[in-house]
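Dear colleague,

I am passing on the structure we spoke of, with the sequence alongside. Please have it open while you read, as the notes that follow go through it region by region.

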Amino acid sequence: PLFRSDEYRKTPLELRAELKKKGADAVFAFQLRNPVHNGHALLMTDTHKMLVERGYKNPVLLLHPLGGWTKADDVPLSVRIRQHHAVLEEKVLDPDKTVLAIFPSPMMYAGPTEVQWHAKARVAAGATFYIVGRDPAGMPHPDTKENLYNPNHGREVLQMAPGLTQLEIVPFRVAAYNTKLGQMDFYDPERQEDFLFISGTKMRHLARTGQEPPDGFMAPTAWKVLANYYKSLQKE
(Lines give C-alpha, C1' and ligand atoms only; values in the text may rest on other atoms or scores of the structure.)
Protein backbone atom coordinates (compact mmCIF):
# COMPACT_ATOMS: atom_id res chain seq x y z
CA PRO A 1 0.00 0.00 0.00
CA LEU A 2 0.97 3.62 -0.59
CA PHE A 3 2.58 5.07 2.51
CA ARG A 4 0.93 8.17 3.95
CA SER A 5 2.62 8.85 7.25
CA ASP A 6 -0.03 11.33 8.48
CA GLU A 7 -2.49 8.44 8.86
CA TYR A 8 -0.28 7.06 11.62
CA ARG A 9 0.92 10.26 13.29
CA LYS A 10 -1.59 10.39 16.12
CA THR A 11 -1.44 12.72 19.11
CA PRO A 12 -1.71 11.27 22.63
CA LEU A 13 -5.36 12.39 22.79
CA GLU A 14 -6.12 10.75 19.44
CA LEU A 15 -4.47 7.54 20.61
CA ARG A 16 -6.43 7.56 23.88
CA ALA A 17 -9.65 8.02 21.87
CA GLU A 18 -8.76 5.12 19.53
CA LEU A 19 -7.88 2.84 22.45
CA LYS A 20 -11.13 3.77 24.18
CA LYS A 21 -13.04 2.99 20.97
CA LYS A 22 -11.51 -0.50 21.03
CA GLY A 23 -12.69 -0.91 24.62
CA ALA A 24 -9.18 -1.39 26.03
CA ASP A 25 -9.00 -1.99 29.79
CA ALA A 26 -5.20 -2.40 29.59
CA VAL A 27 -2.78 -0.97 27.03
CA PHE A 28 0.64 -2.51 26.51
CA ALA A 29 3.11 -0.55 24.40
CA PHE A 30 5.90 -1.98 22.28
CA GLN A 31 8.47 0.32 20.70
CA LEU A 32 10.70 -0.82 17.90
CA ARG A 33 12.87 0.62 15.15
CA ASN A 34 13.22 -2.70 13.30
CA PRO A 35 10.90 -4.94 11.27
CA VAL A 36 8.64 -7.22 13.36
CA HIS A 37 9.73 -10.85 13.32
CA ASN A 38 7.88 -13.70 14.96
CA GLY A 39 10.03 -13.46 18.08
CA HIS A 40 8.72 -9.93 18.68
CA ALA A 41 5.20 -11.16 17.94
CA LEU A 42 5.62 -14.03 20.43
CA LEU A 43 6.56 -11.54 23.14
CA MET A 44 3.57 -9.34 22.36
CA THR A 45 1.06 -12.20 22.25
CA ASP A 46 2.55 -13.65 25.44
CA THR A 47 2.08 -10.27 27.16
CA HIS A 48 -1.55 -10.22 26.01
CA LYS A 49 -2.04 -13.71 27.43
CA MET A 50 -0.43 -12.68 30.73
CA LEU A 51 -2.77 -9.69 31.05
CA VAL A 52 -5.84 -11.82 30.35
CA GLU A 53 -4.70 -14.30 33.01
CA ARG A 54 -4.44 -11.39 35.41
CA GLY A 55 -8.10 -10.57 34.86
CA TYR A 56 -8.12 -7.94 32.12
CA LYS A 57 -10.94 -8.43 29.62
CA ASN A 58 -9.59 -6.58 26.59
CA PRO A 59 -5.86 -5.74 26.58
CA VAL A 60 -4.87 -3.79 23.44
CA LEU A 61 -1.40 -3.53 21.93
CA LEU A 62 0.00 -0.11 21.03
CA LEU A 63 2.49 -0.99 18.29
CA HIS A 64 4.52 2.21 18.29
CA PRO A 65 7.46 2.23 15.83
CA LEU A 66 9.89 5.09 16.20
CA GLY A 67 9.36 7.59 13.39
CA GLY A 68 12.10 10.18 13.82
CA TRP A 69 15.74 10.09 12.74
CA THR A 70 17.52 6.73 12.89
CA LYS A 71 20.94 5.52 11.73
CA ALA A 72 21.49 5.23 7.98
CA ASP A 73 21.59 1.42 8.11
CA ASP A 74 18.21 1.15 9.87
CA VAL A 75 15.21 0.20 7.71
CA PRO A 76 13.29 3.36 6.66
CA LEU A 77 9.99 4.14 8.38
CA SER A 78 7.85 3.74 5.24
CA VAL A 79 9.19 0.21 4.69
CA ARG A 80 8.72 -0.68 8.36
CA ILE A 81 5.09 0.50 8.37
CA ARG A 82 4.34 -1.63 5.30
CA GLN A 83 6.08 -4.57 6.97
CA HIS A 84 4.08 -4.09 10.18
CA HIS A 85 0.89 -3.98 8.10
CA ALA A 86 1.78 -7.30 6.50
CA VAL A 87 2.28 -8.84 9.96
CA LEU A 88 -1.19 -7.62 10.97
CA GLU A 89 -2.77 -8.76 7.70
CA GLU A 90 -1.36 -12.27 8.22
CA LYS A 91 -2.79 -12.11 11.75
CA VAL A 92 0.54 -12.92 13.37
CA LEU A 93 -0.64 -10.07 15.60
CA ASP A 94 -4.38 -9.60 16.12
CA PRO A 95 -5.40 -6.50 14.09
CA ASP A 96 -8.58 -6.10 16.17
CA LYS A 97 -6.52 -5.77 19.35
CA THR A 98 -3.72 -3.60 17.95
CA VAL A 99 -3.31 0.11 17.32
CA LEU A 100 -0.46 0.94 14.94
CA ALA A 101 0.89 4.48 15.22
CA ILE A 102 4.16 6.35 14.73
CA PHE A 103 6.12 7.56 17.74
CA PRO A 104 7.50 10.83 16.31
CA SER A 105 10.81 10.91 18.15
CA PRO A 106 14.36 10.75 16.83
CA MET A 107 16.56 7.90 17.96
CA MET A 108 19.45 9.37 19.95
CA TYR A 109 21.03 6.04 21.03
CA ALA A 110 21.42 7.53 24.52
CA GLY A 111 21.00 4.33 26.53
CA PRO A 112 19.06 4.22 29.84
CA THR A 113 18.38 7.99 29.81
CA GLU A 114 16.57 7.69 26.49
CA VAL A 115 14.71 4.57 27.61
CA GLN A 116 13.07 6.64 30.37
CA TRP A 117 11.82 9.12 27.77
CA HIS A 118 10.48 6.30 25.59
CA ALA A 119 8.51 4.85 28.51
CA LYS A 120 7.20 8.10 30.02
CA ALA A 121 6.02 9.39 26.64
CA ARG A 122 3.79 6.31 26.26
CA VAL A 123 1.99 7.11 29.54
CA ALA A 124 0.64 10.26 27.86
CA ALA A 125 -0.84 8.05 25.14
CA GLY A 126 -2.64 5.84 27.66
CA ALA A 127 -0.21 2.96 28.06
CA THR A 128 -0.40 1.09 31.36
CA PHE A 129 2.21 -1.56 30.52
CA TYR A 130 5.48 -1.13 28.65
CA ILE A 131 7.57 -3.93 27.15
CA VAL A 132 11.25 -3.08 27.47
CA GLY A 133 13.90 -4.94 25.55
CA ARG A 134 17.57 -5.67 25.94
CA ASP A 135 19.70 -2.59 25.18
CA PRO A 136 16.74 -0.77 23.55
CA ALA A 137 18.56 2.54 23.00
CA GLY A 138 22.14 1.34 22.68
CA MET A 139 24.72 1.16 19.97
CA PRO A 140 28.19 -0.36 19.59
CA HIS A 141 31.39 1.61 20.06
CA PRO A 142 32.61 2.69 16.58
CA ASP A 143 36.07 1.16 17.13
CA THR A 144 35.75 -1.74 19.56
CA LYS A 145 32.17 -2.68 18.54
CA GLU A 146 31.41 -3.39 22.21
CA ASN A 147 28.14 -2.12 23.74
CA LEU A 148 28.36 1.49 24.89
CA TYR A 149 25.79 0.79 27.63
CA ASN A 150 25.08 -2.17 29.85
CA PRO A 151 22.29 -3.99 27.95
CA ASN A 152 20.21 -4.47 31.13
CA HIS A 153 20.45 -0.97 32.56
CA GLY A 154 17.50 0.41 30.58
CA ARG A 155 15.14 -2.17 32.12
CA GLU A 156 16.65 -1.80 35.59
CA VAL A 157 16.37 2.00 35.54
CA LEU A 158 12.70 1.80 34.52
CA GLN A 159 11.87 -0.73 37.22
CA MET A 160 13.21 1.59 39.93
CA ALA A 161 12.07 4.93 38.42
CA PRO A 162 9.97 6.79 41.03
CA GLY A 163 8.03 8.78 38.41
CA LEU A 164 6.56 5.76 36.62
CA THR A 165 3.91 4.65 39.10
CA GLN A 166 1.21 4.49 36.37
CA LEU A 167 3.28 2.20 34.15
CA GLU A 168 4.19 -1.42 34.80
CA ILE A 169 7.37 -2.60 33.11
CA VAL A 170 7.19 -5.95 31.30
CA PRO A 171 10.73 -7.40 30.95
CA PHE A 172 11.76 -8.61 27.51
CA ARG A 173 12.03 -12.39 27.28
CA VAL A 174 14.65 -13.56 24.81
CA ALA A 175 13.25 -15.38 21.78
CA ALA A 176 15.23 -17.34 19.21
CA TYR A 177 14.51 -19.73 16.36
CA ASN A 178 13.76 -23.21 17.69
CA THR A 179 15.20 -25.56 15.07
CA LYS A 180 13.32 -28.56 16.50
CA LEU A 181 9.91 -26.84 16.33
CA GLY A 182 10.62 -24.76 13.21
CA GLN A 183 9.37 -21.54 14.83
CA MET A 184 10.37 -18.71 17.13
CA ASP A 185 10.30 -19.73 20.78
CA PHE A 186 11.43 -18.41 24.14
CA TYR A 187 15.07 -19.32 24.61
CA ASP A 188 15.87 -22.12 27.04
CA PRO A 189 19.59 -22.12 27.96
CA GLU A 190 19.34 -25.77 28.99
CA ARG A 191 18.53 -26.64 25.37
CA GLN A 192 20.79 -24.08 23.71
CA GLU A 193 21.76 -26.48 20.92
CA ASP A 194 18.13 -26.38 19.71
CA PHE A 195 18.17 -22.60 19.17
CA LEU A 196 19.45 -20.38 16.39
CA PHE A 197 19.91 -16.65 16.98
CA ILE A 198 19.19 -14.52 13.90
CA SER A 199 20.50 -11.03 14.62
CA GLY A 200 19.36 -7.85 12.87
CA THR A 201 22.66 -7.89 10.97
CA LYS A 202 22.07 -11.49 9.85
CA MET A 203 18.47 -10.68 8.90
CA ARG A 204 19.60 -7.74 6.74
CA HIS A 205 22.28 -9.91 5.12
CA LEU A 206 19.71 -12.56 4.18
CA ALA A 207 17.37 -9.95 2.69
CA ARG A 208 20.19 -8.14 0.86
CA THR A 209 21.52 -11.33 -0.73
CA GLY A 210 18.11 -12.66 -1.76
CA GLN A 211 18.16 -15.55 0.72
CA GLU A 212 15.12 -16.74 2.66
CA PRO A 213 15.03 -16.97 6.45
CA PRO A 214 13.94 -20.26 8.08
CA ASP A 215 10.20 -20.96 7.89
CA GLY A 216 8.51 -19.50 10.94
CA PHE A 217 10.96 -16.63 11.45
CA MET A 218 8.77 -13.92 9.91
CA ALA A 219 5.38 -13.73 8.20
CA PRO A 220 6.08 -14.48 4.47
CA THR A 221 4.47 -11.32 3.08
CA ALA A 222 6.25 -9.24 5.72
CA TRP A 223 9.58 -10.75 4.67
CA LYS A 224 8.76 -9.96 1.04
CA VAL A 225 8.37 -6.26 1.94
CA LEU A 226 11.83 -6.30 3.49
CA ALA A 227 13.44 -8.30 0.67
CA ASN A 228 11.95 -5.99 -1.99
CA TYR A 229 13.36 -2.96 -0.18
CA TYR A 230 16.90 -4.36 -0.19
CA LYS A 231 16.50 -5.46 -3.80
CA SER A 232 15.56 -1.89 -4.75
CA LEU A 233 18.77 -0.61 -3.12
CA GLN A 234 20.87 -2.85 -5.35
CA LYS A 235 19.22 -1.38 -8.46
CA GLU A 236 20.07 2.19 -7.45
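**Tyr-187 and its surroundings**

Tyr-187 is found in the loop that lies between S7 and S8. Please bear in mind throughout that this is a predicted model. Is Tyr-187 buried, exposed or partly exposed? With a relative accessible area of 26%, Tyr-187 counts as partly exposed, because buried is reserved for values under 20% and exposed for values over 50%. Once its neighbours within four places in sequence are set aside, Tyr-187 is in contact with Val-174, Ala-175, Gln-192, Phe-195 and Phe-197. Its C-alpha atom is separated by 8.3 Å from that of Tyr-177, a residue 10 residues apart from Tyr-187 along the chain.

**The sheet on either side of that loop**

The two strands that flank the loop belong to an open sheet of three strands, arranged in the order S7-S6-S8 with antiparallel pairing. Strand S7 (183-186) and strand S8 (195-196) are at the edges and have a single partner strand each, so that one side of each is left without a neighbour in the sheet. Strand S6 (residues 175-178) pairs with S8 over two bridges in the antiparallel sense, and Asn-178 has Phe-195 in S8 as its bridge partner. Helix H2 (residues 38-53) packs on this sheet, where it touches S6 and S7, and the direction of H2 makes about 50 degrees with that of S7.

**Strand S4 and its parallel partners**

Elsewhere, S4 pairs in the parallel sense with strand S1 (residues 26-30) over three bridges, and within this pairing Ala-29 stands opposite Tyr-130 of S4. S4 also runs parallel to strand S5 (residues 168-171), to which four bridges join it; here Val-132 has Pro-171 in S5 as its bridge partner. As for the side chains of S4, Phe-129 and Ile-131 point one way while Tyr-130 and Val-132 point the other way, and all are buried.

**Nonpolar cores**

In soluble globular proteins, nonpolar side chains tend to be buried together. The largest nonpolar core in this model has 42 residues, of which Phe-30, Met-44, Leu-63, Leu-93, Trp-223 and Leu-226 touch the most other members. Which residues does Met-44 touch, not counting those up to four places away in sequence? They are Phe-28, Phe-30, Val-36, Leu-61, Leu-63, Leu-93 and Ile-131. Apart from the largest core lies another, of 26 residues, among them Ala-29, Leu-66, Ala-119 and Ala-121.

**Pocket and cavity**

The largest pocket holds about 1,300 Å³ of space. It is lined by 39 residues, and those closest to its centre are Arg-33, Asn-34, Arg-134, Asp-135 and Gly-200. H2, strand S4 (129-132), S6 and helix H6 (200-208) each supply at least two residues of this lining, and H6 gives the most, with four residues.

A search of the whole structure for cavities of 30 Å³ or more finds one, and the largest cavity holds about 40 Å³ of space. Its lining includes Gly-111, Pro-112, Val-115, Asp-135, Tyr-149, Asn-150 and His-153, and helix H4 (112-124) and helix H5 (153-160) each supply at least two residues of the lining of this cavity. Asp-135 is therefore worth finding on your screen, because it is among the residues closest to the centre of the largest pocket and also lines the largest cavity.

With best wishes

Terms used
Residues are numbered from 1 along each chain as its sequence is written. This is a predicted model: local features need pLDDT of at least 70, side-chain atom pairs count only at pLDDT 80 or more; totals for chains, interfaces and linings use all residues. Side-chain values use heavy atoms; hydrogens and water are left out. Two strands pair if DSSP finds at least two bridges between them. Contact means heavy atoms within 4.5 Å. Axes are lines fitted to C-alpha atoms, for helices over the stretch in contact, and angles run from 0 to 180 degrees between N-to-C directions. A nonpolar core is a set of buried Ala, Val, Leu, Ile, Met, Phe, Trp, Tyr and Cys residues joined through side-chain atoms within 4.5 Å. Buried means under 20% relative accessible area, exposed over 50%, partly exposed in between (1.4 Å probe, protein chains only). On a 1 Å grid over the protein atoms alone, a cavity is a set of points where a 1.4 Å probe fits but cannot get out, and a pocket is an open set with protein on both sides within 12 Å along at least five of seven lines; lining residues have an atom within 4 Å of a point. Grid points are joined across faces, edges and corners, and a volume is the space filled by probe spheres set on the points.
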